[in-house]
Amino acid sequence: MSRSASDNGGSLPNVTGKATGVTGKKVLVAYFSWGGNTREVAKLIHSKTGGDLFEIKKETPYPKEYKPTTDVGKQEVEQDARPKLAGPLPDLKQYDVIVLGYPIWWYIEPMPVKTFVEAQDLSGKTILPFATSGGSGIEGSVADLRKTLPKSQVKDGLLANMTGGIDRWLKENGLVK
């Protein structure tokens, strides 16, 4: 987590209605970003895969400063909270693959991501997690997502602090040629 959140000017517009990606699969790149790092990776992945792009946002945003955000985030994890999300969510039934991005907070995905993946039935869907992190690996969050989504195929994730492995990861998972 960086020391302060980027202002909302860094937000990307959601892209919907173009679900078919470059390989013909129906793809959604959904991401949660507090400081902007995950948003930049999501933008890069979306530019390579095509499909739709959706930013997961809390109804009540996290504070802009690091320490207050960590306090709220840690409390949500300790309470196993499911914060309300802003705006309508996309209909996830239409997608074959959901590329799911988030920062690692306390070794797992932030709680708004849990709200998002539990909001609709993702049975049979392929979930490709990617994350950014200041020091933790992605393995704990992938294990947590597999526990949360036992009827989905949650693939091995990509820690995307460095973008060099993205092309290989997308190719291995059939999202680029």
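This report walks through the helices of a predicted model and a few single residues around them.

**Ground rules**

Residues are numbered from 1 along each chain as its sequence is written, and side-chain values use heavy atoms, with hydrogens and water left out. Because the model is predicted, local features need pLDDT of at least 70 and side-chain atom pairs count only at pLDDT 80 or more, while totals for chains, interfaces and linings use all residues.

Helices (H or I, at least four residues) and strands (E, at least two) are DSSP runs, numbered from the N terminus.

**Helix α1**

Start with α1, residues 37-49. Its 13 residues should span 18 Å at 1.5 Å a residue. The expected span is 1.5 Å times one less than the number of residues. The end C-alpha atoms of α1 are 19 Å apart, which agrees.

Which residues of α1 are buried? They are Thr38, Arg39, Val41, Ala42, Ile45, His46 and Thr49. Buried means under 20% relative accessible area, exposed means over 50%, and partly exposed lies in between (1.4 Å probe, protein chains only). Seen down the axis of α1, the buried residues fall within an arc of 160 degrees, so they line one face of the helix. The arc is that of the directions from the helix axis to the C-beta atoms.

What covers these buried residues includes the strands β1 (27-31), β2 (52-55), β3 (97-103) and β4 (126-132), and also helix α5 (166-172). The cover is judged by contact, meaning heavy atoms within 4.5 Å. Just after α1 comes Gly50, with a positive phi of about 75 degrees.

**Helix α2**

Helix α2 has 13 residues. From first C-alpha to last it reaches 18 Å, close to the 18 Å expected at 1.5 Å a residue. Thr69, Thr70, Gly73 and Glu76 are buried in α2. Down the axis of α2, these buried residues fall within an arc of 125 degrees, so they line one face. On the other side, Lys67 and Glu78 are exposed. The buried residues of α2 pack against α3.

Take Glu76 as a close-up. Helix α2, residues 66-78, holds Glu76. Why does Glu76 count as buried? Its relative accessible area is 9%, and the cut-off for buried is under 20%. Not counting residues up to four places away in sequence, Glu76 touches Lys58, Tyr62, Ala81, Pro83, Met111 and Pro112. Met111 and Pro112 are among the buried residues of α3. Just after α2, Asp80 takes a positive phi of about 50 degrees.

**Helices α3 and α4**

Helix α3 is mostly covered, with seven of its eight residues buried. They are Met111, Pro112, Val113, Lys114, Thr115, Phe116 and Val117. What covers them includes β1, β2, α2, β3 and α4.

How do α3 (residues 111-118) and α4 (residues 139-148) meet? Their axes come within 11 Å and cross at roughly 30 degrees. That makes α3 roughly parallel to α4. Axes are lines fitted to C-alpha atoms, for helices over the stretch in contact, and angles run from 0 to 180 degrees between N-to-C directions. Angles under 35 degrees count as roughly parallel, over 145 as roughly antiparallel, 65 to 115 as roughly perpendicular and the rest as oblique.

The crossing of α3 past α4 is right-handed. A crossing is right-handed if the near helix is turned clockwise from the far one by less than a right angle, and left-handed if anticlockwise. Lys114, Val117 and Glu118 in α3 meet Asp144, Leu145 and Thr148 in α4.

**Single residues outside the helices**

The table sets out four of them.

| Residue | Place | Relative accessibility | Class |
|---|---|---|---|
| Pro103 | strand β3 | 9% | buried |
| Trp106 | loop between β3 and α3 | 31% | partly exposed |
| Tyr107 | loop between β3 and α3 | 59% | exposed |
| Asn161 | loop between β6 (158-159) and α5 | 41% | partly exposed |

Trp106 has a positive phi of about 55 degrees although it is not a glycine. Tyr107, also not a glycine, has a positive phi of about 75 degrees.

Leaving aside neighbours within four places in sequence, Pro103 is in contact with Phe32, Thr38, Ile108, Glu109, Pro110 and Thr132. One of these, Thr38, is a buried residue of α1. The C-alpha atoms of Pro103 and Glu172 are separated by 22 Å, and the two residues are 69 residues apart along the chain.

Asn161 touches Ala131, Thr132 and Ser133, not counting residues up to four places away in sequence. Asn161 and Asn173 are twelve residues apart along the chain, and their C-alpha atoms are separated by 19 Å.
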